[in-house]
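User: Hello! I am new to this structure and would like to learn how its descriptions are justified. Could you take me through it?

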Amino acid sequence: MALRGGGRWARLGSALRGRSSGPRDTGDTPQHRDLRETLRKIIDKEINPFVDKWEEEGQFPAHKVFKILGQAGFLGVDKPTEYGGMGLDFSYNIAVAEELGNIRCAGIPMAIGVQAGMATPALTRFGSHELKKQFLVPTIAGDVVACLGISEAGAGSDVANIKTTAVRKGNEYVINGGKMWITSGSQADWMCLLANTSEGPPHQNKSLICLPMNLPGIHVAKKIDKLGMRSSDTAQIFFENVRVPCTNLIGEEGKGFTYQMLQFQEERLWAVASALKPLETVIQETIDYTRQRKVFGQPVLHNQSVHFRLAEMATEVELLRSLLHRAVGLYIEGNDVTKFASMAKLKAGRLTREVTDSCLQFWGGMGFTSEVLVSRLYRDLRLISIGGGTDETMLSIICKYMEILPRK
Ligand SMILES: Cc1cc2nc3c(=O)[nH]c(=O)nc-3n(C[C@H](O)[C@H](O)[C@H](O)COP(=O)(O)OP(=O)(O)OC[C@H]3O[C@@H](n4cnc5c(N)ncnc54)[C@H](O)[C@@H]3O)c2cc1C
């Protein structure tokens with residue numbers, strides 16, 4: 001596969017790289033805003049007009065949408081230019097995640113997040129040049145769909161307890177087991193797979209492997225019917241004696257758990273960023289609706305209990321944004337931000353539930369219909385408290401970093 005080079009977006013990437021982006025924790029620079037504006041236009045033209053249809057159909061066309069985003073450069077803003085990325089820092093990826101929040105559902109942004117920021121950080125950092133040419137380049141270009149295979153039917157929060165095995169036989173791994181809840185699983189061309197490659201201690205016996213999804217022995221068992229995120233397909237997948245070359249191993253054998261924990265930092269920051277705009281949109285659309293909806297002779301909005309609550313929620317969203325930008329700033333400088341990323345993800349999980357719940361109530365019966373965005377986001381955004389680790393997992397990590405409990 002030829003490496004992507006040149007093009008309008010490579011040029012924009014190099015223009016943006018050359019400029020100072022100012023202090024990291026103060027939010028956007030003009031360069032971030034340029035990037036956002038271009039993405040916003042693509043969302044308005046290529047995605048939002050079709051969201052209702054894709055939600056109804058229970059799947060969006062990932063190959064088509066990713067090709068559009070890939071050609072425009074948005075699937076690799078922080079990836080090396082050598083592999084077709086823009087070579088910008090992680091804050092630009094976060095700006096992209098925030099802007100994707102303008103899509104009028106959360107399922108499509110989540111799948112884009114898997115493609116652009118969740119399935120590839122370890123490959124980018126630790127993968128061989130050959131592996132990056134084979135998997136990273138087409139993923140950034142939007143020529144293939146990627147998925148991330150960590151969770152299993154018997155192990156979600158407890159990642160160390162996964163049972164899928166990849167046993168070395170000659171120059172190949174033979175993979176057996178299964179994965180559950182795999183975003184884009186029924187459309188994916190390859191999976192970043194976490195599997196046990198030895199019998200050793202659970203944090204040292206795992207490896208990440210690039211697994212093409214068209215190999216014999218891979219069965220997409222079912223597309224899961226879900227409460228929300230309906231346009232994103234979520235699949236259960238089984239592996240039966242699937243043979244993959246050992247050269248598909250990412251980095252070192254036995255380091256998979258550590259690589260995945262590092263990968264989770266970006267996933268969690270991305271998830272927080274992607275929730276900000278939907279929260280603001282729900283608040284704004286609730287203001288607009290309650291301003292024109294009259295009860296007992298006055299707009300619903302004019303009740304102090306309503307407008308105070310809306311103002312309070314908007315304040316909380318701004319606080320979440322500040323915490324996110326602090327964590328992103330520290331991350332770009334090379335710090336371990338596991339604690340702050342977990343705090344932000346915990347807060348985002350709580351806030352998405354609280355905001356959508358309060359706002360839905362202010363819409364009265366209309367909030368209970370599928371005609372309004374607030375009801376879709378009420379369902380979709382609950383996933384922030386689950387995907388990439390639940391609220392309780394975030395609390396456990398924060399406690400560990402605060403050294404609240406004695407070390408085992
Ligand atoms: C729509 C969707 C998309 C997803 N996409 C992907 C994907 O692409 N790839 C992937 O690998 N996974 C994916 N997931 C899986 C997701 O990461 C897991 O669902 C999540 O990690 C939780 O695991 P679990 O569902 O097994 O819950 P469990 O681990 O069974 O947790 C059950 C309950 O126990 C609670 N709990 C956990 N630890 C503690 C504790 N210490 N104290 C108290 N309570 C605790 C949890 O908070 C939860 O409430 C997806 C899930 C969904 C729903």
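Analyst: Gladly; we will go through the domains, the ligand shell, the core and some single residues. Please keep in mind that this is a predicted model.

User: Let us begin with the domains. What makes up the division of the chain, and where do the bounds come from?

Analyst: The chain is divided into domain 1 (7–145), domain 2 (148–255) and domain 3 (257–401). Those bounds come from an automatic or database domain assignment.

User: What does the UniProt record say about residues 147–242 and residues 254–400?

Analyst: According to the unreviewed UniProt entry, residues 147–242 carry the annotation "domain: Acyl-CoA oxidase/dehydrogenase middle". In the model, that span is 0% helix and 51% strand, with its end C-alpha atoms 17 Å apart. The unreviewed entry also annotates residues 254–400 as "domain: Acyl-CoA dehydrogenase/oxidase C-terminal". Residues 254–400 are 74% helix and 3% strand, and their end C-alpha atoms lie 23 Å apart.

User: What makes up the contact between domain 1 and domain 2?

Analyst: The centres of domain 1 and domain 2, taken over C-alpha atoms, are separated by 24 Å. To the contact, domain 1 contributes 26 residues and domain 2 contributes 19 residues. On the side of domain 1 that touches domain 2, the helices supplying at least two residues each are H3 (51–57), H4 (62–71), H6 (107–118), H7 (121–126) and H8 (129–141). H6 gives the most to this side, with six residues. By class, this side of domain 1 holds 19 nonpolar, five polar and two charged residues.

User: Why is the ligand said to lie between two domains, and which domains are they?

Analyst: The shell around the ligand takes residues from both domain 2 (148–255) and domain 3 (257–401), so the ligand lies between them. The shell has 23 residues, and the closest are Ile150, Gly156, Ser157, Thr183 and Thr390. Strand S1 (146–149), strand S3 (172–183) and helix H13 (391–401) are the elements that give two or more residues to it. By class, the shell has nine nonpolar, 12 polar and two charged residues.

User: How do you know which residues touch the most other members of the largest nonpolar core?

Analyst: The core is a set of buried residues joined through C-beta atoms within 7 Å. This core has 113 residues, and Cys192, Ile209, Leu269 and Ala344 touch the most other members. Helix H9 (residues 256–292) provides the largest share of the core, 12 residues. As for cysteine 192, leaving out residues up to four places away in sequence, it touches Ala119, Ala122, Leu123, Ala146, Leu148, Gly149, Leu208 and Cys210.

User: Why is helix H5 called largely enclosed?

Analyst: In helix H5 (residues 90–100), 11 of the 11 residues are buried, so the helix is largely enclosed by the rest of the structure. Among those buried residues are Phe90, Tyr92, Asn93, Glu98 and Glu99. The cover over them includes helix H2 (30–47), H6, H9 and helix H10 (304–332).

User: How do you know whether leucine 193 is buried or exposed?

Analyst: A residue is buried if 20 or more other C-beta atoms lie within 10 Å of its own. Leucine 193 has 30 such atoms, so it is buried. Leucine 193 sits in strand S4 (residues 190–196). Setting aside neighbours within four places in sequence, leucine 193 is in contact with Gly149, Leu208, Ile209 and Leu211.

User: And glutamine 134: buried or exposed?

Analyst: Glutamine 134 belongs to helix H8. With 20 other C-beta atoms within 10 Å, glutamine 134 meets the cut-off of 20 or more, so it is called buried.

User: What is notable about phi in tryptophan 181?

Analyst: Tryptophan 181 has a phi near 70°, a positive value in a residue other than glycine. Tryptophan 181 is in strand S3, and it is buried, because 20 other C-beta atoms lie within 10 Å.

User: Which phi value does glutamate 403 have, and is glutamate 403 buried or exposed?

Analyst: Glutamate 403 is not a glycine, yet its phi is positive, at about 55°. Glutamate 403 is placed in the segment after H13. The limit for exposed is 12 or fewer other C-beta atoms within 10 Å; glutamate 403 has 8, so it counts as exposed.

Key:
Residues are numbered from 1 along each chain as its sequence is written. This is a predicted model: local features need pLDDT of at least 70, side-chain atom pairs count only at pLDDT 80 or more; totals for chains, interfaces and linings use all residues. UniProt positions are given in the numbering used here, feature names are shortened, and annotations may be inferred rather than shown by experiment. Helices (H or I, at least four residues) and strands (E, at least two) are DSSP runs, numbered from the N terminus. Two residues are in contact if their C-beta atoms, placed from the backbone, lie within 7 Å. Ala, Val, Leu, Ile, Met, Phe, Trp, Tyr, Cys and Pro count as nonpolar, Asp, Glu, Lys and Arg as charged, and the others, Gly among them, as polar. A residue is near a molecule or strand if its C-beta atom, placed from the backbone, lies within 6 Å of it.
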